[in-house]
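Dear colleague,

Please find below the structure that I am handing over to you. A short account of what was found in it follows.

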Amino acid sequence: MSNYHIKHLEEYYQVYRKSVRNPEAFWEEIAEEHFVWRKKWDSVLNWDFKKPEVKWFEGAQLNITENCIDRHLTTRGDKTAILFEPNNPKEEALHITYSQLHERVSKMANVLKEQGVKKGDRVCIYLPMIPELAVAVLACARIGAIHSVVFAGFSSNALSTRINDSDCKIVLTSDGSYRGAKTIDLKGIVDKALEDSPGVTSVLVVNRINSDINMKEGRDQWLQPLLDDAYGDCVPEIMNAEDPLFILYTSGSTGKPKGMVHTTAGYMVYTAYTFKNIFQYKEDDIYWCTADIGWITGHSYILYGPLANGATTVMFEGVPSYPDYGRFWEVVEKHKVNQFYTAPTAIRALAKENLEYVEKYDLSSLKVLGSVGEPINEEAWHWYNNNVGKKQSPIVDTWWQTETGGIMISPIPYVTPTTPTFATLPFIGIQPALMDENGKEIKDNQIDGRLCIKFPWPSIARTIWGNHERYRDTYFSAYENKYFTGDGAHRDAVGYYRITGRVDDVIIVSGHNLGTAPIEDAINEHPAIAESAIVGFPHDVKGNALYGYVILKETGEGRDRDNLKKEINQQITEHIGPIAKLDKIQFVSGLPKTRSGKIMRRILRKIASKETSNLGDTSTLLNPEVIKEIMENAF
Ligand code: WTA
């Protein structure tokens, strides 16, 4: 038997050693024993980080939905696969069993086929957290179409960019979405996006909020009647191990978003294996990850990982503050949730509210608490541990990325002793390295460095859609023969890792990755603005918030500053989405620049963070005099 389920620390170390000494034998055993294959692989791993190229289980054939759905039908047909909890607590929760999921996915798959979608085609999914989103994702996987889910909080502009980048011909959306007490006109956003995406010939619309929307003749159709007419079985497309499963966009520090491409077999094996161990999932558990399926956390740990294990996974449409700040805990009590996985930003927001919101509910079902998306600060960790877990549920602080596909550094609950703010130890098969400023690997402990991974793991993204060179430049050029994460980390005396944050120009705001360049581009399009620079500064709920330094054109000088600030945020909302709005905007006459014209963000960051006692070396600046002005007027 392979070591599929790790139960104590000795076993962790033993399995870890095995997984790094002979990765191929290790992963082969896991793959062999726990998944269904139409054809076994010819080779387990081929890789070359110089090219870069990574291939797992080459030659194997499978369909991931057979692993996530079909194989459970005989033993778990009536078990709830997806437990849908609507935005409005008065609306009844929906239990979708594995059998029902099979039928719903099959029907959706047949509808997509009727729309002309074929293996390898890209399908854009722009839906709120409703069952159709999960079903659409799985339906794509069923027929070998590549899903590209775009988070339904993104603007029309951001949506259009993503549709065009991966050349989607079809979009699945809804008339609107609920978000707490508000409704959002999703179809309106899609209509606007499609003005710039003429390649889209078909839009299928879910009726979620019963609103009166515009349907474009010949392009838009309501989805439900098509589903009603579709056949409830669909033969799965047989996929090669390395066929793309999905594209998911993530922000880069420069340029347009990167369409990370994940492939089929390795992604399945790794997400399933990590899910089983990091949440210690047992057959009758109810597991809840509060992320949106529009992010990687939702892909890997609401859908694929849990379903591959035959789990019951909760899908929550709402927000933590509606109808009040007790919503998360009300849902935990109501569904007797055993594993709860959320983001530090949510924890910090809830920790600010009255403790009664937590104490009112019976949380005794909880066994494991998870954290993801950004560093969890000590205060939030303790609040989570004391008030939600009642010091009985280990917290798994899981570090990973869209690019890594699955969790990379994390405690295994009831196995790894936890330490607040530490993601602790590398997961099985993961070989981290800390690098120093000269590009050398640091072997010591109790030290900071830049976090790299030395050896491929099964769910590493294989490329950036349409731009393999950018993939190489971004991840494999900083350090020879290593995947560079873009994060800094500290390794303590016992070898535990604490992630210290991004070392590039990506800023994590409320757990969302935002690149500075696209925000600056959006601002600079404003006719009154000459130039801008965005930096992050610490924020007690969002983790980081955005601070913008803006230079006006002469024509903008006479304008009302408050109005301009509103327009800047409006501009950002339209180009990217409300998540990228600036908390602080300062108008400046210049930006500190090096002699080669590069903005010295390091200085701007310090000013925004009020750490001005030591600005470091400013002697190389072209215009050191602007610093004084900026500091005098800073917030
Ligand atoms: C950050 C989310 C500290 C990190 C799964 C990473 C974290 C980026 C943690 C990826 C954590 C994620 N502790 N930082 N537990 N988890 N991050 O692509 O900077 O949305 O590089 O993937 O989030 O964000 P992404």
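A residue is called buried when its relative accessible area is under 20%, exposed when that area is over 50%, and partly exposed in between. By this scale K169, at 41% relative accessibility, is partly exposed. Please note that the model is a predicted one.

K169 takes part in a salt bridge with D167, where the closest N and O atoms are 3.2 Å apart. Its partner D167 is also partly exposed, at a relative accessible area of 38%.

A second pair joins D540 and K352 through their side chains, at 3.2 Å from N to O. D540 sits in the loop between β29 (529-539) and β30 (543-552), and K352 in the loop between α13 (344-351) and α14 (356-359), so this salt bridge ties together parts that are 188 residues apart in sequence. D540 counts as exposed at 51% relative accessibility, and K352 counts as exposed at 53%.

K51 and E53 form a further salt bridge, with an N to O distance of 4.0 Å. K51 is partly exposed at 46%, as is E53 at 28%. In addition, E85, R327, E330 and K334 are connected in a network of salt bridges. The structure contains 40 salt bridges.

Turning to helix packing, α2 (residues 23-34) packs with α10 (residues 265-278) at about 85°, their axes being 10 Å apart. The two helices are therefore roughly perpendicular. F26, W27, I30 and A31 of α2 meet V269, Y270 and Y273 of α10. This contact comprises seven nonpolar residues, with no polar and no charged ones.

With kind regards

How values were computed:
Residues are numbered from 1 along each chain as its sequence is written. This is a predicted model: local features need pLDDT of at least 70, side-chain atom pairs count only at pLDDT 80 or more; totals for chains, interfaces and linings use all residues. Side-chain values use heavy atoms; hydrogens and water are left out. Axes are lines fitted to C-alpha atoms, for helices over the stretch in contact, and angles run from 0 to 180 degrees between N-to-C directions. Helices (H or I, at least four residues) and strands (E, at least two) are DSSP runs, numbered from the N terminus. Angles under 35 degrees count as roughly parallel, over 145 as roughly antiparallel, 65 to 115 as roughly perpendicular and the rest as oblique. Contact means heavy atoms within 4.5 Å. Ala, Val, Leu, Ile, Met, Phe, Trp, Tyr, Cys and Pro count as nonpolar, Asp, Glu, Lys and Arg as charged, and the others, Gly among them, as polar. Buried means under 20% relative accessible area, exposed over 50%, partly exposed in between (1.4 Å probe, protein chains only).
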